[in-house]
Amino acid sequence: MHSHQTSQPSSPVLQKPIVQVALRILRQLRPHLAQPYIDAGNWNEFCITCGQLDLSWESENGGNSLRLITSEKMQQMASQYGFGRIDALIPDTHNIFNNSSVTAEYLNDHLFSVDETDFLINQSKWWCRNPDKWEVASLRYFPNQEYWQVEYMFGVKDGHLPHINCTLVEAGKLNEDNLMFSEVWSILMLTLLSLRIPPNDKHEVVPVTVVTFSGTTFRILQGLVDGEAGNVRINKSSIVPISMDKENATQQMMLIMRWLLAEPLGPSKQPIPGIPHNVYATKRITGDLAELQEQQNAVGSIRPWFLEQAQKHGSAIVQIFLGPFSRPTILLSDYREVYDILTHRDADFQRGKKAEVLKGILPHAFPSLESFDPRYKESKAIMRGLMTPSFLQNVSAPPVYRATVRLLELWKLKCHMSRGRPFDAAGDIFAFSFDAVLSAATGLADSGGDLSRQISILRAHEESRTFTTGDPPVDQPIIFPTADPSLERKALGTDEERLWKAFYMPSPRLYHWYNSFRPAVRDARRIMANYISSQIQNAILDIKKGREPRSALGYIIQHQIQDAERTGHSLVHDDPRIRDGIYGYLIAGHDTSVGSLLWLLNRLVTHREEQEKVRNNLRETYAAAWEERRLPTVSEMSKPATYLNAFIEEVLRINTPVVTITVSTRRDTTILGHQIPKDTPIFLNLTGPSLSVPSIPVEECLRSPTSQARGSRRENWDDSNPTKFCPNRWLRTTPEGKIIFDASSGPTLMFSAGRRGCWGKNLGYLELRIVLTLLLRTFDLCEIPDSLGSQEIYDSLVTAPKRCFLRLSEL
Ligand code: HEM
């Protein structure tokens, strides 16, 4: 039966994705109205993502949707409007808002009372008013115990932009680790209220800035409901205590005013003319971020997205937009031009944001310094000699070899206990890489390293028979008990995470500052500082006793002592350049080796024919060791195993652990014929087109003069099937008929290039060769079910497989 009733079409505003998302989250939140906080653990549930906001006076970028009034301009306004005449803040201890309304009023004095005609507001681009009687119902909460209310709302006067700024007073206490319910609620509600008013109804985005007063503290937040991604993105500043000193408090009020009265920025992003981009990214507030988020949800890694863009647009140069109102970032996917920038264009490019990211952890180490900074040379000179072939062979190889033997000992135990079942070895690779890099850098701690701890735990279980496997199917992975990582490994992990996340922060400096208050970060700093100091003391004692250095640190100290003796100066025991240099060694050498090893093992397990080829090559190269049924020694391994080297090179070409690196323009310059302004961030792909997939054609005349002058024998792999895994591409037959490994057979960038390319490349190769040689001499890596070989990947400083299932059989 047909009904004669016709349903009312819902209003076009209600159909907007942004409105639907805001309504959905508000509905989810409503039952929690009486709770003061939304804990970080629940942000996911309410589709909230949260980042940081830079409140420093140096920042002109107000969370990307506002252009902030500069400090000079603010000072000028202060004297023009007589802020100095306002009396000091007097908190009222009986106030139901726990003083927050008092502090908000104090701001109000600055905004309005100075000039009775509201001259200040009249001059600005914003209108300001209290919520009207309709709005008030949804912008305040006044039951018995909790209280909050939106006090003032600011909108753009001529209505061409939908921004809303507001002040919010809270009786609850702000907390760095979570968001106030009132903050999230107000952002969502103000978004909806704003879209109700013509001409805002035509907008798809509404940036909301909230200044929350709580007692005598405040913080600033920016929120944005993203209709396409279905979430609300909030950036919050750290909490600022309001000073009781009149002068300082006035400064703080001016800081707040620069946010409330800032110039609102329009949503259209200005692309650099002629460079392809995702057109939708210039039309929506989050630019390309929403798509990146989708990619993260779908495959667990954002890095493949950067590799796809060139092919998508059919252009080796593409521009992308990484955030609301952000300026374009250039993405370059062409071996020859990337190589040229890294090796010949120091005058045009610098490290930019990368230096800022690293400085938060290693301020004195050379990787944090620009090449033109005079301190760069000095810091690098301290690390001299550590990557020479003889030092690596004599000093670095033995501890790496010993760590590998311990890894094999662990895996023999696991092999025995697993009785043919696969296990996830990713955790062991992390522990191994840590032991290896730490022992090469400084020597292991007295506790003997993370692998030994793991071995002890398993032995104890085996001996006491507390670990039973039952009798499950042979393909079902076995899960072994794991030892907690050492304090030093935990500390390194904390800093590695802090480092790679800082790359994605609008202000790495602020991110590091904010993080420096986290207990885990403080602990990490203390633990590593103590560890390195104690190793420095040990090294000094060793060298003074006339012993030869046994680690990189020992060698540095030996030089320092020799220099001190030669110059007559006393030895500096606590040189920050040495401390940071050694910590840089650990950070740069740990994750990268883990990522490389995970890809190599993955290939050996999933391509067993390759495993056989590499093993055959090792058997031929180290015949004596095979015949005597023992491991090849360090000195035997100085003889190169040709196919092994080609295999490593090919795996890292196809599965490059460091996918993209960043630089920025040092002055206005040209890339592939396009004018690029000073201070533009540039992403350089180290794999993808021309390296692991076919290149995107580039007209020769568009290349830089140095690139054209140099030409390139190794410009791409187009004529030899770049997507095919083929270690033979790295082999060459000499006129004498000998097959050799030739690293210059074609392009690669897995270690970057030029003078800021990987400093530890030779150690990296050495470690990979030692592990693969000893591993394939000891075990057959047997077949595992297809489902366990799947390549779920993770992002950190590197991109690598999340798991590494091995089923081992001793040879
Ligand atoms: C085995 C795997 C390794 C890979 C794939 C790798 C890759 C890279 C890449 C791509 C860069 C350039 C990063 C950028 O510009 O953003 C780099 C830089 C660097 N790497 Fe490695 N690396 C590896 C191992 C190591 C090891 C074992 C060490 C030291 C022990 C090390 C020390 C460094 C240092 C100090 C830099 C900074 C150089 C500078 O600022 O001038 N790397 N590495």
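This report describes a mixed sheet with its packed helices, and then the surroundings of the ligand, in a predicted model.

The sheet is open and consists of 5 strands in the order β15-β16-β22-β19-β17, with mixed pairing. Its edges are formed by β15 (317–320) and β17 (349–350), each of which pairs on one side only. Strand β17 is joined to β19 (residues 660–665) by 2 bridges in the antiparallel sense, and Phe 349 has Thr 665 of β19 as its bridge partner. Helix α11 (residues 303–313) packs on this sheet, where it touches β15, β16 (329–332), β19 and β22 (681–685), and its direction makes about 120° with that of β15. Helix α12 (residues 335–344) also packs on the sheet, in contact with β16, β17, β19 and β22, and its direction makes about 120° with that of β22.

Turning to the ligand, 22 residues surround it, and those that come nearest are Arg 351, Lys 354, Pro 367, Arg 756 and Cys 758. Polar side-chain atoms approach ligand oxygen atoms as follows.

| Residue | Distance from a polar side-chain atom to a ligand oxygen atom |
|---|---|
| Arg 351 | 3.0 Å |
| Lys 354 | 2.7 Å |
| Arg 756 | 2.7 Å |

Two or more residues of the shell are given by each of α22 (576–606) and α27 (761–778), and α22 supplies the largest share, with 5 residues. By class, the shell holds 12 nonpolar, 7 polar and 3 charged residues. Because domain 2 (268–359 + 659–749) and domain 3 (389–467 + 475–658 + 750–810) both contribute residues to this shell, the ligand lies between them.

How values were computed. Residues numbered from 1 in each chain as written. Predicted model: local features only at pLDDT ≥ 70, side-chain atom pairs only at ≥ 80, totals over all residues. Heavy atoms only, no water. Pairing = 2+ DSSP bridges. Helix = DSSP H or I, 4+ residues; strand = E, 2+ residues; numbered from the N terminus. Contact = heavy atoms within 4.5 Å. Axes fitted to C-alpha atoms, helices over the stretch in contact; angles between N-to-C directions. Near = heavy atom within 4 Å. Polar contact = N/O pair within 3.5 Å; in protein donor to acceptor, adjacent residues only side chain to side chain. Nonpolar A, V, L, I, M, F, W, Y, C, P; charged D, E, K, R; others polar. Domains from an automatic or database assignment.
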